[in-house]
Amino acid sequence: MDEHQRDRVVGALLGLFVGDAAGAPSEGGPPDPGRAVPEPAPGRWSYTDDTQMALALAEHLLEADGVDPERLARRFQARYEPRRGYGYGTRQVLAAWHAGTPVTEAAGALFDGGSFGNGAAMRVAPVGARFHGDPWRVRAEAERASALTHAHPVGVDGAVVQALAVAEALREHRFDPQALAGLGAQAATDRLRQSRRTASALAASAPDAPPGRVAAELGNDSSAQRSVPTALYLAATAPSFAAGVERALRVGGDTDTIAAMTGAVLGAAGGLQAIPAPWLEALEDGAHGRSWALALAHRLADRAAADPAAADHE
């Protein structure tokens, strides 16, 4: 793995962080073509559960050769801060683990069959970055990482597709409409296959579709099938990292997660250098803030570089 690929591993994690923090203030709003990224004052952009769980997953991938459900669950519990805005389903799973429910059983008790939300997809970028040289490994590890909180096939499938997109962007140094079209065969559920096809068709016919149309045709809510394809459409059609994240905010709805997923793919494609420096400076920098996340991302890049499959794709 060369230095450019290492930079793209770092870009995937920090791109997620930036997208999440930039999108958090506008979460829940309607589509708005005039919405802008918040003023990037140093240290003022705070992250949500999206980034907190992604960084916890990255930590875990440094302490294990692959996803170990028991150890990853402990890592999620150790990093849990309710103030970060965790969704109902994740809070219920964490509470069940705390009460003694087996790690592999808690998610299945939710919503009569498990969650089909985007909570697994929002955090999965470290898997795509760590194992980017081996798509089959990306799929397997993404499935294991997702199943802790998402038993529904659509919730898991959304995370797999997102992880594969990060891996593709990192390997190829780009993520364009052709890459988006190629992900169609990777989706395992009808819902993700159909929504991905819709996203691919929109990318081909209207790469600069207005926010209202993107929200109407692809979605902007917290379900995996109505947010992952949206983020991938935005990443595939964005002329820059900044433009992709800003468009994610304008789509409205679950802006922090859609922007986090968009940012992870664009960061993987362009590397840390693609992210505007003032936006990086705007990230909170406490005990587990920007500086800590950067160091963690560099360690993950070192770990990915040691993977023989990564060397095969230099």
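The following legends describe close-up views of a predicted model.

**Figure 1. Helix α13, a buried helix of 16 residues**. Helix α13 covers residues 255–270. From its first C-alpha to its last it reaches 21 Å, close to the 22 Å expected at 1.5 Å a residue. Of its 16 residues, 16 are buried, so the helix is largely enclosed by the rest of the structure. After α13 comes G271, whose phi is positive, near 80°.

**Figure 2. The largest nonpolar core, with 105 residues**. In soluble globular proteins, nonpolar side chains tend to be buried together. Which residues of this core touch the most other members? They are L14, W45, W97, V127, F175, L232 and Y233. Helix α7, residues 153–172, supplies the largest share of the core, with twelve residues.

**Figure 3. The surroundings of L232**. Neighbours within four places in sequence are left aside in this view. The residues in contact with L232 are then V161, Q162, A165, F175, L180, L183 and V265. Among them, F175 is also one of the core residues that touch the most other members, as is L232 itself.

**Figure 4. A salt bridge between distant parts of the chain, D65 and R303**. Side chains of opposite charge can pair when their charged atoms come close. The side chains of D65 and R303 meet in a salt bridge, with 3.0 Å from N to O. D65 lies in the loop between α2 (49–63) and α3 (69–79), while R303 belongs to helix α15 (residues 290–305). The two partners are 238 residues apart. D65 is exposed, at a relative accessible area of 58%, whereas R303 is partly exposed, at 22%.

**Figure 5. A salt bridge within helix α9, D190 and R193**. These two side chains meet with 2.4 Å from N to O. Both residues lie in helix α9 (residues 190–205), three residues apart, or about one turn of the helix. An α-helix has 3.6 residues a turn, so residues three or four places apart point the same way. D190 counts as exposed, with 57% relative accessibility, and R193 is partly exposed, with 26%.

**Figure 6. The salt bridge of D285 and R290, and a network of salt bridges**. In the pair formed by D285 and R290, the closest N and O atoms are 3.2 Å apart. Is R290 buried or exposed? R290 is buried, because its relative accessible area of 15% falls under the 20% limit. D285, at 36%, counts as partly exposed. Elsewhere, E59, E63, R75 and R79 are joined into one network by salt bridges that share partners. The whole structure holds 17 salt bridges.

**Figure 7. The largest pocket, with about 460 Å³ of space**. Rolling a probe the size of a water molecule over the atoms shows where empty space is left. The pocket is lined by 27 residues, and those closest to its centre are G87, Y88, N118, G119 and S222. Elements that give two or more residues to the lining are α2, α4 (88–99) and α13. The largest share, three residues, comes from α4.

**Figure 8. E105 and A147**. E105 is placed in the loop between α4 and α5 (125–130). At 51% relative accessibility, E105 counts as exposed, because exposed means over 50%. E105 and A147 are 42 residues apart in sequence, and their C-alpha atoms are 9.4 Å apart in space.

How values were computed: Residues are numbered from 1 along each chain as its sequence is written. This is a predicted model: local features need pLDDT of at least 70, side-chain atom pairs count only at pLDDT 80 or more; totals for chains, interfaces and linings use all residues. Side-chain values use heavy atoms; hydrogens and water are left out. Helices (H or I, at least four residues) and strands (E, at least two) are DSSP runs, numbered from the N terminus. The expected span of a helix is 1.5 Å times one less than its number of residues. Buried means under 20% relative accessible area, exposed over 50%, partly exposed in between (1.4 Å probe, protein chains only). A nonpolar core is a set of buried Ala, Val, Leu, Ile, Met, Phe, Trp, Tyr and Cys residues joined through side-chain atoms within 4.5 Å. Contact means heavy atoms within 4.5 Å. A salt bridge is a side-chain nitrogen of Lys or Arg within 4 Å of a carboxyl oxygen of Asp or Glu. On a 1 Å grid over the protein atoms alone, a cavity is a set of points where a 1.4 Å probe fits but cannot get out, and a pocket is an open set with protein on both sides within 12 Å along at least five of seven lines; lining residues have an atom within 4 Å of a point. Grid points are joined across faces, edges and corners, and a volume is the space filled by probe spheres set on the points.
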